[in-house]
Amino acid sequence: MRLGLCCLFKKEPVSFRTTTAKSLLALPRDQQFQKLSEICFDNATNLYLALETVHRLGIGAFRIMSPFFPRMTHPAVGYRLEDLPEGKNISQKLAASRSFARKNDIRLSFHPDQFVVLSSPHSQVVANSIRELEYHGMLADAVGADVINIHAGGVYGDKSQALQRLNDVLPYLSVAVRKRLTLENDDVSYTPMDLLSFCERLSIPLVYDVHHHRCNPDGLSVVQATTIAEKSWQAVGRQPYFHISSPRNGWQGGDPKPHADYIDPADFPACWLGREMTVDVEAKAKELAVTRLMAELKNRPDAPVLLKSAS
DNA sequence: GCATGTCAAGTTGTG
DNA sequence: CACAACTTGACATGC
């Protein structure tokens, strides 16, 4: 088992920059490129630093934030790497990160945000989503990430019709995106049960988020959902990818959906212990939460744990 | 310098 | 019907 960090650090001095379309639009095009070039170069440099840091901490996976190249797909200020003065150097930095991750067995992933909705009935929303996914595919190729994980999107009154639209859009995705695309159960609409047969039929691995499952249950037990999701990865010969988080105010403290700073070890499914899988830790204390959970799982009496740092 | 409001995008559920 | 929650800063602005 390996535990993963999502995007950011709490205490370690690694951070990622961004900018807004609004501020870019105040500049002439060449100055936009200059500014974007500096930000992208800094982010590429910090990605390498992030990988060195997670490796040092014994963390085995890292999720790269979607605005890694800020506003790259924006209709007005979007750009290509080749447009940027430091484009070649930026590519070299990404290649270095790719080598480092491969050499040290750090699994990389992406989780495009809520604006990527392949099941939308609005063609413009779908077109924008494809554009955004292709940006992620380009990045994934460059850094060697094997997962681009999305949600099934909205329901629009009929889940099966929505999933059919998602199905119909898949042929329009490049191989770079399609071979990495995964679906995750969410906390309001699509449960593991909803996605099970769809994922199986299309050979799309299911990223099982146990917190979402607990917020949005479907009759399946955690053990059953784990088994189903695990099979969807084994079917394509890949290591399973799951998510864990804890409710900010506990399970009795109102809305359980907001994430807590740390993971309550009691929320970590016993049936995950000792399995071959990657578990992204979605917790606001970031790397502090991952390292604390690693330590706590090691001490858990109920099952043998093989954490990456100990193996 | 420091505090505060802003930031591309979708969808759903709440107040 | 407007708005917050998903996730979360970092940046731009204004004092």
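How much space lies in the second largest pocket? The answer is about 400 Å³, and we'll come back to that pocket after a few ground rules.

This is a predicted model, where local features need pLDDT of at least 70 and side-chain atom pairs count only at pLDDT 80 or more, while totals for chains, interfaces and linings use all residues. Residues are numbered from 1 along each chain as its sequence is written, chains are lettered from A and ligands numbered from 1 in the order in which they are written, and side-chain values use heavy atoms, with hydrogens and water left out.

## Pockets and a cavity

Let's start with empty space. Rolling a probe the size of a water molecule over the atoms shows where such space is left. The search uses a 1 Å grid over the protein atoms alone: a pocket is an open set of points with protein on both sides within 12 Å along at least five of seven lines, a cavity is a set of points where a 1.4 Å probe fits but cannot get out, and lining residues have an atom within 4 Å of a point. Grid points are joined across faces, edges and corners, and a volume is the space filled by probe spheres set on the points.

The largest pocket holds about 650 Å³ of space. It has 29 lining residues, and R63, H111, D113, Q114 and E282 are the closest to its centre. Strands β2 (61–64) and β4 each give at least two residues to that lining; here helices (H or I, at least four residues) and strands (E, at least two) are DSSP runs, numbered from the N terminus. The second largest pocket, at about 400 Å³, is lined by 16 residues, with R71, T73, D113, F115 and E132 closest to its centre.

Across the whole structure there is one cavity of 30 Å³ or more, and the volume of the largest cavity is about 30 Å³. Its lining consists of R63, S109, F110, H111, V147, N149, Y241, H243 and D280. Strands β3 (107–110), β4 (147–151) and β7 (241–244) each supply at least two of those lining residues.

One of the lining residues, N149, leads us to T182, since a polar contact of 2.8 Å joins the two side chains. A polar contact is a pair of N or O atoms within 3.5 Å; within protein, one must be able to donate a hydrogen and the other to accept it, and residues adjacent in sequence count only if both atoms are side-chain atoms. T182 sits in strand β5 (residues 181–184). Is T182 buried or exposed? T182 counts as buried because its relative accessibility is 0%; buried means under 20% relative accessible area, exposed over 50%, and partly exposed in between (1.4 Å probe, protein chains only). Setting aside neighbours within four places in sequence, the contacts of T182 (heavy atoms within 4.5 Å) include V147, I148, I204 and W233.

## Two DNA strands

Now for the DNA. A residue is near a strand if one of its heavy atoms lies within 4 Å of it. DNA strand B has 17 residues around it, and A21, R71, S120, V155 and Y156 come nearest. Of the strand B atoms that come within 4 Å of the protein, 44% are sugar and phosphate. Helices α1 (21–25) and α4 (123–143) each supply at least two residues of this surface.

DNA strand C is surrounded by 14 residues, the closest being T18, K35, P258, H259 and K286. For strand C, sugar or phosphate makes up 80% of the atoms within 4 Å of the protein, and bases make up the rest.

Here are some of the polar atom pairs between protein and DNA:

| Residue and its atom | DNA atom | Distance |
|---|---|---|
| T73, polar side-chain atom | base nitrogen, strand B | 3.1 Å |
| V155, backbone N or O | phosphate oxygen, strand B | 2.6 Å |
| Y156, polar side-chain atom | phosphate oxygen, strand B | 2.4 Å |
| Q114, polar side-chain atom | base nitrogen, strand C | 3.4 Å |
| H259, side-chain N or O | phosphate oxygen, strand C | 3.4 Å |
| K286, side-chain N or O | phosphate oxygen, strand C | 2.5 Å |

## Two unusual backbones

Most residues other than glycine have a negative phi. R71 has a positive one, near 60 degrees, and belongs to the loop between β2 and α3 (87–103). With a relative accessible area of 30%, R71 is partly exposed. K286 also has a positive phi, of about 50 degrees, and lies in the loop between β8 (278–281) and α10 (287–298). K286 counts as buried, at 16% relative accessibility.
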